[in-house]
Amino acid sequence: MKTDKKTLNVHFIGVGGVSMSSLARYLLAVGFNVSGSDIAPSENLEKLAEEGVTIYIGQTAENVEGKDVVVYSDAIKAENSELKKAVEDKLYVLKRAELLKIVSENFSKKIGVCGCHGKTTVTCMLAHVFDEANERFTAHIGGFDLKYGNCAVKGAKYFISEVCEYKKNLNFFDADYAVCLNAEADHLDCYKDRDELKNTYFDYLKRAFKAIINADDSALSAYDGGNAVTFGLGDKCDFYAADITQKGGKYSFDLYIYGAKSERIALKTFGGHNVYNALAAAACAFLCGISPKKIKKGLESFRGAERRFEHIGNLAGAEVFADYAHHPTEIAESIKTMKEAKKGKIYTVFQPHTFSRTIFLKDKFVKVLSETENLVLFKTYPAREEYMKGGSAKELALLLPDAEYFEDVRGLLAYIYAKVKHGDVVLVLGAGDLEEKMKKYLER
């Protein structure tokens, strides 16, 4: 493309998505003309419009007229009217993962954070550490950090990004520093088996200068690419935590670097899982030349991200928290964390995310949820999928005789209102739209 970027018109189909909107914000910040469409209004779209992105509600062929580049997300199907028009008009059409790769190549060093869970938190932590160290960086975040939102543009030396395994998007990203937090089974609708998923992670790690891996993860412990730097709780790891303490659900630990005791770090976010996240961020930052003192300051300045144990309101004297947990392991950790943080009775509301995930991980969901008291299931958020038999929240609820099931937010809130007492906690779990719907009712 010979067009000067100042006049290049880039259009995003599905711009309301967290990664898509982050990329749109980046292109806008560096001088492109940016537009995007989505099927329904949202707070994120309103903010994009305020920032200067041209927003279309609804997706029609006319939206891509006059555009030079069209970017589409994995959720967009081939029959989408905008995508079809872009192809017919022979516009420059890119997948989201392809654009992410192109953007990353404008930076001297690339940091990619992957894994089944923890990506957003570690990416946020790295942004805070690099900012504290006055490094020139840009962060592409798959969530909304309470300080930076989902895009921090502070220079072009380091590109810090989440990298997702969905549809093998890992294959599009070549990291200098590849951070892998865990390699648990997820998105199995995109892989023939778990070995193919594991090998996709391993191929990604082998391409990197340094592979920063969780030595306590059973799959990653088998990695032998020769470029591994390990983190974990054992003293054989290159970066490990010792003397771990917890108060009110928030953890502190001594950081050890290559066997030497370094800083004591007091995290400001809930959950023991964040010890691992902090170790991953610390290892990556140290390898990039950032001092332990700056690492400590950066990690301790991180206050969290939206929908990561976010307090979204109160109901009949009970606090309501939202957490993005949508995988069985994440659900178990979220409930454990809330028990550490709060003393009242916990009412857990879970909205499954996609039918395929429920089907592939059904046994694990049943095991975790059957051990959960005061459980409520809400209808599945389908995302990109059509209904699959056996994969709905209603069908999952049938396997959990003590669980309640709702399809209407008003009915759900009325049920909880009648149950909770002052000092109790409502924990809303899932990666769907229930948190946003509940927040609107609670704000009223």
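**View 1. Asparagine 227 in the loop between strand 11 and strand 12.** In this predicted model, asparagine 227 sits in the loop that links strand 11 (210–214) and strand 12 (228–232). Asparagine 227 has a relative accessible area of 10%, under the 20% limit, and therefore counts as buried. Leaving aside residues up to four places away in sequence, asparagine 227 touches Leu205, Lys206, Ala208, Phe209, Lys210 and Ala211.

**View 2. Strand 4 with strand 1 and strand 5.** Strand 4 covers residues 69–72. Val69 and Val71 point to one side of strand 4, Val70 and Tyr72 point to the other, and all of them are buried. In a regular strand, side chains alternate between the two faces of the sheet. Strand 1 (residues 9–13) runs parallel to strand 4 and is joined to it by 4 bridges. Within this pairing, histidine 11 stands opposite valine 70. Strand 5 (residues 92–95) also pairs with strand 4 in the parallel sense, over 4 bridges. Here valine 71 of strand 4 faces leucine 94 of strand 5 as its opposite residue.

**View 3. The buried face of helix 4.** Helix 4 is formed by residues 96–104. Its buried residues are Arg96, Ala97, Leu99, Leu100, Val103 and Ser104. Seen down the axis of helix 4, these buried residues fall within an arc of 160°, so they line one face of the helix.

**View 4. The open sheet of 6 strands.** The strands of this open sheet follow the order 16-17-21-18-19-20, and their pairing is mixed. Strand 16 (310–315) and strand 20 (404–406) stand at the edges; each has a single partner strand, so one side of each lacks a neighbour in the sheet. On average, neighbouring strands of this sheet are turned by 25° against each other, with direction ignored. At one edge, strand 16 pairs with strand 17 (residues 318–323) in the antiparallel sense, over 5 bridges. One of the residues in this pairing is leucine 315, whose bridge partner in strand 17 is alanine 318.

**View 5. Strand 18 with strand 21 and strand 19.** Strand 18 is mostly covered, with 5 of its 5 residues buried. Ile346, Thr348 and Phe350 point one way from strand 18, while Tyr347 and Val349 point the other way. Strand 18 and strand 21 run parallel and are joined by 5 bridges. Strand 18 and strand 19 also run parallel, joined by 3 bridges. Valine 349 has a bridge partner in each of these strands: valine 428 in strand 21 and valine 376 in strand 19.

**View 6. Helix 14 across the sheet.** Helix 14 (residues 434–443) lies across strand 16, strand 17, strand 18 (346–350), strand 19 (375–378) and strand 21 (425–429). The helix runs at about 45° to strand 16.

**View 7. The surroundings of the close-ups: the protein chain.** The protein chain holds 14 helices and 21 strands. Its radius of gyration is 22 Å, close to the 22 Å that the globule rule gives for 444 residues, so the chain is as compact as a globular protein of that length. Taken along the principal axes, the C-alpha atoms fill a box of roughly 60 × 55 × 40 Å. Buried residues make up 55% of the 444 residues. Of the contacts between residues at least 6 apart in sequence, 62% join residues at least 24 apart. The chain exposes about 19000 Å², and carbon and sulfur atoms supply 49% of that area.

Methods:
Residues are numbered from 1 along each chain as its sequence is written. This is a predicted model: local features need pLDDT of at least 70, side-chain atom pairs count only at pLDDT 80 or more; totals for chains, interfaces and linings use all residues. Side-chain values use heavy atoms; hydrogens and water are left out. Two strands pair if DSSP finds at least two bridges between them. Helices (H or I, at least four residues) and strands (E, at least two) are DSSP runs, numbered from the N terminus. Axes are lines fitted to C-alpha atoms, for helices over the stretch in contact, and angles run from 0 to 180 degrees between N-to-C directions. Contact means heavy atoms within 4.5 Å. Buried means under 20% relative accessible area, exposed over 50%, partly exposed in between (1.4 Å probe, protein chains only). The arc is that of the directions from the helix axis to the C-beta atoms. The radius of gyration is taken over C-alpha atoms; the globule rule is 2.2 Å times the number of residues to the power 0.38. Accessible areas come from the Shrake-Rupley method with a 1.4 Å probe; for residues, only the protein chains shown count as cover.
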